[in-house]
Amino acid sequence: MGDYFQTVVDLDATEEEAAALGVRALDWLVAEGIVAAERTDCVLGGGGFGHAPGPQYARAVDDPEPVNLWSNGLRIQTGRTVFDSGQGEPEAARCPLCRTDVRFVDDNWNEIDGAWDPFKGTFEEWSEGGGPGLVHCPACERPSGVDRWTWEDDYFVCGTLGFTFWNWAELTFDFTRDLGRALGGHRTVVLRGKL
Ligand SMILES: [Zn+2]
């Protein structure tokens, strides 16, 4: 079993606007009846507190069955965060400058020696240290912040605002589009994973 999660990450929110945008999106989610306004003990991480499904929860998902698990809420995270899909290994990352893919595993899923080296410590530096987390691309040898790299299958996404729904049925395209609209038309990406 395990707990299944979906995280909608805002790709455009700046650090300065993330908290206010999170509040705005929550207001919209509550007004739509998707989640409850009050915070209760219903999510994993973040001290366990989040927003339980609201009376119109079914409008956001492709299966209207209620979620009966304890961990069935929404957790909103703001500030520099490395969102991930929780399982397996990252396969590849793409340099934002030269568009070359750095591969971490070979065709047999064996780790490629040294492939991870340019990335070592950069997530921590970016998310916790507030630094740029520079990665020196092995192909073009130019540095760029780790938050600008794109990961195959969105294995990692660096963002400043994320909405994690615990154990909900699959979020519909219409719902994630409308959430993006509530975020001022920002681009979003959905990460799906299991703990
Ligand atoms: Zn490059």
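Okay, let's start inside helix 1: its buried residues are Ala-18, Leu-21, Gly-22, Ala-25, Leu-26 and Leu-29. Just so everyone knows, this is a predicted model.

So what do those buried residues of helix 1 pack against? Three strands and a helix, as it turns out: strand 1 (4-10), strand 4 (74-84), strand 10 (156-166) and helix 3 (173-182).

Now the helix itself. Helix 1 runs over residues 15-31, which is 17 residues. From first C-alpha to last, helix 1 reaches 25 Å, and at 1.5 Å a residue you'd expect 24 Å, so those are close. Where is the kink in helix 1 centred? On Leu-21, with an angle of about 25°. And Leu-21, remember, is one of the buried ones. Right after the helix comes Gly-33, with a positive phi, near 80°.

Okay, zooming out. The protein has 3 helices and 11 strands, and along the sequence they read β-α-β-β-β-β-β-α-β-β-β-β-α-β. The radius of gyration is 18 Å, and the globule rule gives 16 Å for 195 residues; that's close, so the protein is as compact as a globular protein of that length. If you want a box for it, the C-alpha atoms fill roughly 50 × 40 × 30 Å along the principal axes.

A few totals to finish. Of the 195 residues, 44% count as buried. Take the contacts with a separation of 6 or more: 68% of them are between residues 24 or more positions apart. And the accessible surface is about 10000 Å², with 47% of that belonging to carbon and sulfur atoms.

Note on methods:
Residues are numbered from 1 along each chain as its sequence is written. This is a predicted model: local features need pLDDT of at least 70, side-chain atom pairs count only at pLDDT 80 or more; totals for chains, interfaces and linings use all residues. Side-chain values use heavy atoms; hydrogens and water are left out. Helices (H or I, at least four residues) and strands (E, at least two) are DSSP runs, numbered from the N terminus. The bend at a residue is the angle between axes fitted to the seven residues ending there and the seven starting there. Buried means under 20% relative accessible area, exposed over 50%, partly exposed in between (1.4 Å probe, protein chains only). Contact means heavy atoms within 4.5 Å. The radius of gyration is taken over C-alpha atoms; the globule rule is 2.2 Å times the number of residues to the power 0.38. Accessible areas come from the Shrake-Rupley method with a 1.4 Å probe; for residues, only the protein chains shown count as cover.
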